[in-house]
2 protein chains.
Amino acid sequence: MGLIVQKFGGTSVADVERIRNVARRVAKNYDQGNGMVVILSAMAGVTDTLIDLANQMTAGAQSPDKRELDVLLATGEQTTAALLAMYLKTMGYPARSLLGFQAEVVTDCSYGNARIIDVRAGQVRKLIQDRYIVVVAGFQGCDSEGNITTLGRGGSDTSAVAMAAALKADRCEIYTDVDGIYTADPNVCGKARKLDRISCEEMLEMASLGAKVLHIRSVEFALKHNVPVYVRSSFNEEEGTMLVNGEQDMERPVVSGITYSKNEARITLKKVPDQPGIAAKIFAPVADAGINVDMIIQNTRAGGQTDLTFTVPKSEYQRTLEIERDVAARIGAESVRGDENIAKVSVIGVGMKSHSGVASKMFTSLADENINIMMISTSEIRISCVVEEKQAELAVRTLHTAFGLDADADAKK
Amino acid sequence: MGLIVQKFGGTSVADVERIRNVARRVAKNYDQGNGMVVILSAMAGVTDTLIDLANQMTAGAQSPDKRELDVLLATGEQTTAALLAMYLKTMGYPARSLLGFQAEVVTDCSYGNARIIDVRAGQVRKLIQDRYIVVVAGFQGCDSEGNITTLGRGGSDTSAVAMAAALKADRCEIYTDVDGIYTADPNVCGKARKLDRISCEEMLEMASLGAKVLHIRSVEFALKHNVPVYVRSSFNEEEGTMLVNGEQDMERPVVSGITYSKNEARITLKKVPDQPGIAAKIFAPVADAGINVDMIIQNTRAGGQTDLTFTVPKSEYQRTLEIERDVAARIGAESVRGDENIAKVSVIGVGMKSHSGVASKMFTSLADENINIMMISTSEIRISCVVEEKQAELAVRTLHTAFGLDADADAKK
């Protein structure tokens with residue numbers, strides 16, 4: 001018995017029948033004597049449909065006003081919250097839906113990508129005390145002036161973890177359409193295994209690399225507020241993956257998982273004059289255009305010249321190319337080249353902090369399969385290599401085996 | 001220049017193109033220097049779709065929970081309010097959407113049919129002062145505890161008139177898919193004329209008889225708070241019909257309009273023992289079942305017996321019949337008969353207060369066309385007759401001509 005926050009994603013509430021499944025799962029936990037708070041996403045696809053509607057409305061003349069888009073998008077979670085509470089009542093349970101403003105999820109006023117400042121949850125607490133099942137619309141909050149805000153794609157995860165932190169819940173369960181966190185994408189690597197536990201730090205690296213399981217800010221919240229988070233499937237009863245804070249598990253392997261991303265593109269400026277301040281001239285216009293640069297590599301050539309390569313999101317590739325052609329002309333670089341057919345493959349593990357040799361093992365394994373490494377970047381618990389896009393899957397499988405993560409390898413241990 | 005509240009119904013905001021039309025109309029009024037508050041309904045059909053969804057959710061096991069149904073239904077107006085504000089901003093106008101709770105439309109807690117208690121409109125006032133176009137989601141409010149409520153079918157009319165009253169607006173324009181209020185349904189009576197003005201009292205009678213132009217509580221608000229209300233079409237620039245308070249116009253005709261309704265059914269208990277308290281025994285069970293009785297007629301027979309006839313909404317006909325069969329058995333009435341094929345035809349006019357002979361003219365005109373009158377009921381400004389359903393249209397046309405309302409008759413004046 002305790003207080004449980006459960007979050008169900010869009011595929012888990014995609015239609016009436018699935019919402020009924022969610023209701024049954026919630027009711028079961030309630031019947032065991034637990035206090036229950038349920039956070040819901042919009043039905044799968046609804047948010048996209050609403051964005052399409054907004055774009056039709058403004059006829060692509062300009063982006064829809066962000067404040068009003070949030071008002072529009074908030075209807076998605078309002079719908080599922082009302083439907084679930086309605087069905088729980090039909091089942092005979094005391095249930096009540098609350099919208100972001102009613103649950104007092106206070107955010108800043110960055111429409112479309114708001115950050116949670118505070119979850120007051122006064123009414124939530126009262127309803128739990130009165131043994132209500134509280135159903136909260138995820139993804140939404142309101143700013144200090146009462147305007148409706150949304151938290152960005154995947155923001156319901158953050159709604160859930162923030163609510164769990166505010167309520168000091170015993171656990172926060174994130175229900176999704178996968179069983180948990182895997183050592184690699186099972187669609188690419190047949191030998192991928194589900195992890196029983198993963199550290200928040202590793203999860204942050206995975207999320208920032210594009211693994212879509214958890215909203216990155218939800219992991220930050222879990223880390224900061226020490227919320228016990230479980231990632232589970234809403235379609236079965238498996239245990240899922242537990243997010244742990246720090247290195248509680250001394251036996252953990254050096255590498256926990258392999259990820260890859262095909263969402264980046266590479267741009268190279270050739271023969272850049274090697275002068276102080278040149279990097280600022282190259283990157284300031286990109287930053288001004290709101291484009292995030294990920295990896296940067298500089299190779300010094302002979303004769304006071306240098307080649308400079310960096311990656312940006314693939315969606316910003318053409319814009320960045322145009323910006324840098326201007327820059328190159330201005331600073332006297334020889335040429336600008338680009339490559340969209342790249343992938344970033346990463347090995348992640350908190351164990352790396354205390355183990356050497358991970359990088360060399362990675363490079364050697366890739367070399368053995370004739371996979372050429374174009375760029376390298378590292379963090380304390382991650383090593384990423386840019387490779388040719390068509391070799392991404394092979395690279396993932398190679399590294400998965402090399403670091404002893406394969407399901408059959410595990411069985412032999 | 002002044003402060004104008006404009007309300008647009010579901011057909012006026014049925015799609016993106018129509019919402020753009022609304023935006024242009026609003027912008028034009030704003031450009032003339034007026035303060036603008038716009039109240040919107042949901043897109044035509046959306047509320048029905050949401051009700052269907054709720055019924056699917058509870059699988060018809062029972063009616064959807066009323067509180068949660070209101071949370072669900074409120075998304076309809078939230079959507080149109082966001083879309084209109086978004087488009088006005090694209091057009092370069094300062095606009096902002098407000099939901100019921102943000103506009104502080106305070107209601108009682110009768111979910112699904114809430115009554116407005118107060119419209120505080122603090123933020124509305126501030127935004128008007130700052131020359132914003134304020135777009136308010138109609139049909140919705142919140143109770144004193146912050147729960148979302150809705151005002152019932154057509155409730156956006158009431159949102160608009162109540163907002164106009166709170167803001168002491170110079171005019172409240174109700175835009176709909178008809179040109180205004182007619183002397184009779186133009187689909188039935190080809191000679192029907194649009195009225196330039198109609199009194200609130202007459203409008204109340206029309207609305208209570210099922211004429212769907214205005215939500216009945218909006219007329220009550222207009223009457224009580226002296227709000228100048230205009231009913232106009234959003235598809236043309238015609239002047240529409242003005243609601244006037246009291247009998248400002250001394251030249252007005254005795255009869256302003258003819259209405260009819262086919263939504264009632266008639267039930268007769270034959271040979272009821274004529275004892276004190278018998279009426280209570282007949283009607284209490286009907287009231288307990290939440291069924292509204294409209295007209296009641298009692299004919300005394302010889303021998304201490306009486307026939308009792310009354311009408312109920314057609315949708316409640318079968319239930320009422322069953323109830324009254326039980327009642328008849330209990331009180332010793334001979335039999336219960338029913339008739340669904342009836343219509344109620346009414347003549348309405350504040351002029352009746354000071355004119356006699358309206359009733360006899362009505363009865364004579366109907367008799368001349370061999371239309372049999374089954375039941376009669378009257379108010380100070382209305383006379384209604386129940387006739388055979390198939391004669392309803394003929395009765396309307398006959399009375400329209402008899403009371404000098406025909407378009408050509410008017411031209412001759």
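**Briefing: a sheet, two domains and a two-fold pair**

In chain A, four strands form an open sheet whose order is 15-16-14-17, and the pairing between them is antiparallel. Strand 15 (296-300) and strand 17 (335-339) of chain A stand at the edges with a single partner strand each, so one side of each is left without a neighbour in the sheet. From one strand to the next, the twist averages 15°. The model described here is predicted, and the points below take up the sheet, the domains of chain A, and the way in which chain A and chain B are related and touch.

**The sheet and its helix (chain A)**

- Strand 15 of chain A, one of the two edge strands, pairs with strand 16 (residues 305-313) of chain A in the antiparallel sense, over five bridges.
- A:Asn299 stands opposite A:Asp307, a residue that belongs to strand 16 of chain A.
- Helix 9 (residues 317-331) of chain A lies across strand 14 (264-273), strand 16 and strand 17 of chain A, and this helix runs at about 5° to strand 14 of chain A.

**The domains of chain A**

- The domain assignment of chain A gives domain 1, covering 3-177, and domain 2, covering 247-413.
- Between the C-alpha centres of domain 1 and domain 2 of chain A there is a distance of 36 Å.

**How the two chains are related**

- A turn of 180°, together with a shift of 0.1 Å along the axis, lays chain B on chain A with an RMSD of 0.1 Å, and that is the relation of a two-fold axis.
- Of the residues of chain B, B:Thr75 comes closest to the rotation axis, where its C-alpha lies at 2.7 Å.
- Both copies are served by the same surface, in that 100% of the contact residues of chain B recur in chain A.

**The contact between chain A and chain B**

- The contact takes 28 residues from chain B, and 28 residues from chain A as well.
- On the side of chain B that touches chain A, at least two residues each are supplied by helix 1 (16-31), helix 2 (46-58) and helix 3 (66-90) of chain B.
- Helix 3 of chain B provides the largest share of that side, namely 15 residues.
- When the residues on the side of chain B that touches chain A are divided by character, 15 are nonpolar, ten are polar and three are charged.

How values were computed:
Residues numbered from 1 in each chain as written. Chains lettered and ligands numbered in written order. Predicted model: local features only at pLDDT ≥ 70, side-chain atom pairs only at ≥ 80, totals over all residues. Contact = placed C-beta atoms within 7 Å. Nonpolar A, V, L, I, M, F, W, Y, C, P; charged D, E, K, R; others polar. Pairing = 2+ DSSP bridges. Axes fitted to C-alpha atoms, helices over the stretch in contact; angles between N-to-C directions. Least-squares fit on C-alpha atoms with pLDDT ≥ 70 in both. Domains from an automatic or database assignment.
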